[in-house]
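Please examine the sequence and the structure displayed here. A short report on the fold follows.

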Amino acid sequence: MKIPALKDKEGRFYYLNCKKVDRHTRSGYNGRDIICPMCDTVGTVYHFSWSSLTCQHCELSINKTAWWTPKKVSHLT
Ligand SMILES: [Zn+2]
């Protein structure tokens, strides 16, 4: 599944109702969706004890804080 990237007034892209992953981000018991900033594909993780993760779709290694996630622990799909 892909999520459309939007652009704000300054031309920076973002995903609706999502935020960047940071060191406080937790997955919860049911996992948490994360969005690849390179190809907009949604994946699910069950923990955040990693510093970078390879996207299953575009196969790029993405730093943790470059991934996006829904603001609330939930699933986009
Ligand atoms: Zn990707």
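The report covers overall form, then one hairpin, then the core.

This is a predicted model, in which local features need pLDDT of at least 70 and side-chain atom pairs count only at pLDDT 80 or more, while totals for chains, interfaces and linings use all residues. Residues are numbered from 1 along each chain as its sequence is written.

The protein has eight strands and zero helices (DSSP runs of at least two residues for strands, E, and at least four for helices, H or I, numbered from the N terminus). Its radius of gyration, 12 Å, agrees with the value near 11 Å for a compact globule of 77 residues; this radius is taken over C-alpha atoms, and the globule rule is 2.2 Å times the number of residues to the power 0.38. Of the 77 residues, 13% count as buried (20 or more other C-beta atoms within 10 Å of the residue's own, with C-beta atoms placed from the backbone).

Strands E4 and E5 run antiparallel and are joined by four bridges. They form a hairpin with six residues between them, and aspartate 40 in the turn has a positive phi of about 65°. Isoleucine 35 of this pair stands opposite valine 42 in E5.

| Side of E4 (residues 32–35) | Buried residues |
|---|---|
| One side | Arg32 and Ile34 |
| Other side | Asp33 and Ile35 |

The largest nonpolar core has seven residues, including Cys18, Ile34, Ile35 and Trp68 (buried Ala, Val, Leu, Ile, Met, Phe, Trp, Tyr and Cys residues joined through C-beta atoms within 7 Å). In soluble globular proteins, nonpolar side chains tend to be buried together.

Definitions and conventions: A residue is buried if 20 or more other C-beta atoms lie within 10 Å of its own, exposed if 12 or fewer, and partly exposed in between; C-beta atoms are placed from the backbone. Two strands pair if DSSP finds at least two bridges between them.
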